[in-house]
Amino acid sequence: MGYWILRFLFIVLLKIFFRFRVEGRENLPRKTNFIVAANHASFLDALVVGTAIGQRTYWIASRKLYRVLWLRVFFMLIDAIPSGNASRTVVALLERNKNVGLFPEGHVTRDGRMHEFKSGAALMAIKTGRPIVPCAIIGTYEALPINGRFPKLFSPITIKIGKPKYLFKEFDEVIDDVRLQEGMMRIKKTIKELMHAC
């Protein structure tokens, strides 16, 4: 209940104060749940991507952020998953047809550029057979960079949702590192293309 109330409030606030736009919502899978993977430019990112997706999504959040009281309360309201030993929880959620979101960079960018991707999203996709939905976040770095204290109002924010990427499911306990890297390079390339598309 709290999740949907927060989402409604976020939609209103984003529309009013950040000229919020979403492109590519038609690319979201309709017959299966999925993994959301996005670039990480600001602490606003999970909020804006979750709002853009419009479906309940369980986000993986850095365990370090749980030390901040108000963030810990916020994460509890949206049922976020602490990073660290999250893989079993994520696999269980995906197998129960829940959506999961994560930021493959593993941290918020400090310079506005997209950095190297970790292989977590590819690993979850290969283990469960669920597609990865790449999302490009544009404008949140300008609206609230990592060192910013307050959001810059009326700074436009756009979310571009790409077509889902399928990585073939494997049942082996250990997944080949090369395969994981190739999978994440595909996702990173797609997100970069979405960011620079007109």
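I will walk through the main pocket of this predicted model and then three of the helices around its fold.

First, the conventions. Residues are numbered from 1 along each chain as its sequence is written, and side-chain values use heavy atoms, with hydrogens and water left out. Because this is a predicted model, local features need pLDDT of at least 70 and side-chain atom pairs count only at pLDDT 80 or more, while totals for chains, interfaces and linings use all residues.

The largest pocket has a volume of about 1400 Å³; a pocket here is an open set of points on a 1 Å grid over the protein atoms alone, where a 1.4 Å probe fits, with protein on both sides within 12 Å along at least five of seven lines, and the volume is the space filled by probe spheres set on the points, which are joined across faces, edges and corners. Its lining, meaning residues with an atom within 4 Å of a point, holds 47 residues, and the closest to the pocket centre are His40, Phe43, Leu65, Phe75 and Phe103. By type, the lining divides into 33 nonpolar, ten polar and four charged residues, where Ala, Val, Leu, Ile, Met, Phe, Trp, Tyr, Cys and Pro count as nonpolar, Asp, Glu, Lys and Arg as charged, and the others, Gly among them, as polar. The largest share, five residues, comes from α1, with helices being DSSP runs of H or I of at least four residues and strands runs of E of at least two, numbered from the N terminus.

One of the other contributors is α2, residues 45-53, and eight of its nine residues are buried, that is, under 20% relative accessible area with a 1.4 Å probe and protein chains only. Just after α2, Gly54 takes a positive phi of about 75 degrees. Thr140, in helix α6, is buried too, at a relative accessible area of 0%, and its contacts (heavy atoms within 4.5 Å) beyond four places in sequence include Asp45 and Val48.

Turning to α5, how do its axis and that of α7 cross? The axes, lines fitted to C-alpha atoms over the stretch in contact, with angles running from 0 to 180 degrees between N-to-C directions, come within 8 Å and cross at roughly 110 degrees; the two helices are therefore roughly perpendicular, a label covering 65 to 115 degrees. Ala121, Ala122, Leu123 and Ile126 of α5 meet Arg179, Leu180, Gly183 and Met184 of α7. Finally, α5 is followed by Gly129, whose phi is positive, near 80 degrees.

Methods:
Buried < 20%, exposed > 50% of the residue type's maximum accessible area, 1.4 Å probe, protein only. Parallel < 35°, antiparallel > 145°, perpendicular 65-115°, else oblique.
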